[in-house]
Amino acid sequence: MRKKHSFTTQLIRHLIQAVGFILLPGLFITVFLAVGDIWTAVMKGSFSPDMLFPQIILIFAVCLITALWGRFFCGFLCSFGMLQELIFFFFRQVIPRKMQIAEKLDYVMKFLKYIILIFIIIGLWILALPIDSSWNPWGVFGMLVSGNLSVVSAAIPTVGFVLLLAICISSLFVERFFCRYLCPLGALFAVISKKRLYKIKCQRVSCVNCGLCTRTCSMGIHIPEKDAVVSGECIQCMKCLAVCPKESLSASPSGAIAGTAAAAAIGGTVVVGSLISFPVTETVSDQQVIQEKEKGNYKDGVYTGVGKGFRGTTKVQVTVENGYISDITVLSFEDDNEFFQKAQSVIISEIITTQILDANPVTGATFSSNSILDAVADALGSNSGTEQPADGENGYDSGQSGAGNGRGYDSERSNENKGNGPGAGGSGRGRHGRGRGGGSGKGRYRGR
């Protein structure tokens with residue numbers, strides 16, 4: 001009866017993993033970036049519950065579930081963890097023998113993820129070190145599972161892809177290699193779940209110390225050492241219950257019920273967070289524009305443009321008054337809502353305030369940021385406005401041209417190229433990039 005129950009638990013776990021992989025492949029990234037958003041806002045003294053409400057809901061739910069029930073997020077819902085399990089499973093069909101890591105080495109290597117977490121907190125979230133996002137292996141993983149061929153092709157020639165490939169190769173020999181030794185979110189969850197209420201218990205009387213549960217454990221925990229599994233490394237996968245020959249291990253309530261409830265609660269918070277985000281037609285008032293007495297460099301009118309995002313195109317409407325960009329409205333987008341809203345709230349305000357199209361992409365929402373920048377640049381360089389300018393071919397004032405250098409970005413290239421294009425009126429758009437300055441400008445491709 002116990003074996004049948006354990007089989008059902010594993011079947012449900014894998015079904016939940018598959019659903020999570022299909023519907024929420026970037027959930028790991030979403031949760032980790034939400035932690036970063038909140039931490040950064042607190043450190044900068046700019047914390048706003050209204051602006052960060054979706055992130056607060058998500059982190060509160062995930063941390064509360066982890067503190068009470070343990071790391072069901074890792075064992076039941078993490079797509080990156082599922083990928084490693086699949087790699088290890090299929091390799092075991094070829095080479096059945098499982099590689100065992102020496103206990104002392106395993107203990108030391110598990111501290112690596114805490115070092116990585118501390119580096120991210122201090123180096124990226126506090127000091128804002130200029131580290132390219134293409135180094136991020138789990139970010140590259142999100143790009144590869146996006147289903148967008150142009151995004152996938154852009155992910156391959158990156159350092160992050162090489163690191164991801166190394167992690168996958170390591171997962172051939174050590175189950176959940178990344179989860180055990182490198183995952184910064186796992187490090188945070190390990191601390192939170194240390195005193196969890198829900199634990200796998202061991203009946204010492206019937207246990208024969210065969211070690212089968214330890215050898216089966218995805219995280220390499222020495223299970224029979226105590227009356228309950230108290231290690232923060234436990235991801236509640238319940239595999240140890242399925243293999244125990246004496247049925248000495250138990251967990252109540254049922255692992256399937258607990259895992260399903262936890263996964264549903266976490267997934268639900270993501271949906272709720274998306275629903276309560278700002279509407280896509282949010283605009284930024286022209287009151288934010290730096291007031292100037294003289295006329296600006298753009299041609300008055302209303303223009304529309306499109307840019308390429310993570311999952312598809314972004315369309316915006318740009319209003320120019322008295323030569324200045326006074327309003328930018330997002331008409332439509334196809335990127336994931338939580339990433340796009342994060343980029344929209346920053347990029348649009350920065351463009352209107354600075355009046356230049358060279359804002360820095362928002363960390364964690366690089367594709368969405370660049371899609372907005374590209375769409376605005378496309379609007380100001382096209383004839384698609386509903387109110388055409390009196391003279392000139394686009395939204396740039398051709399009467400104020402001047403020579404200068406500019407730089408542009410193309411999300412689909414990681415190598416550097418140079419492109420020439422018109423750069424009239426102090427701001428110009430090259431063939432493949434956005435340029436500042438007049439005349440001809442050199443554009444530089446930068447991969448996202």
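This passage walks through a three-stranded sheet and the helix that packs on it. The model is a predicted one, with local features needing pLDDT of at least 70 and side-chain atom pairs counting only at pLDDT 80 or more, while totals for chains, interfaces and linings use all residues. Residues are numbered from 1 along each chain as its sequence is written, and side-chain values use heavy atoms, leaving out hydrogens and water.

The sheet is open and runs in the order E3-E4-E5, with antiparallel pairing. Strands here are DSSP runs of E with at least two residues, helices are runs of H or I with at least four, and both are numbered from the N terminus; two strands count as paired if DSSP finds at least two bridges between them. At the edges sit E3 (301–308) and E5 (324–332), each pairing on one side only. From one strand to the next, the twist averages 25 degrees (axes are lines fitted to C-alpha atoms, for helices over the stretch in contact, and angles run from 0 to 180 degrees between N-to-C directions).

Now for the pairings themselves. E3 and E4 make a hairpin with four residues in between, and eight bridges join them in the antiparallel sense. Thr304, for one, has Gln317 in E4 as its bridge partner. On the E5 side, E4 (residues 313–321) pairs over seven bridges, again antiparallel, and Lys315 stands opposite Ser332 in E5.

Helix H17 (residues 366–380) packs on this sheet and touches E3, E4 and E5, contact being heavy atoms within 4.5 Å. The direction of H17 makes about 140 degrees with that of E3. E3 itself is mostly covered, with six of its eight residues buried (under 20% relative accessible area, using a 1.4 Å probe and protein chains only; over 50% would be exposed, and in between partly exposed).
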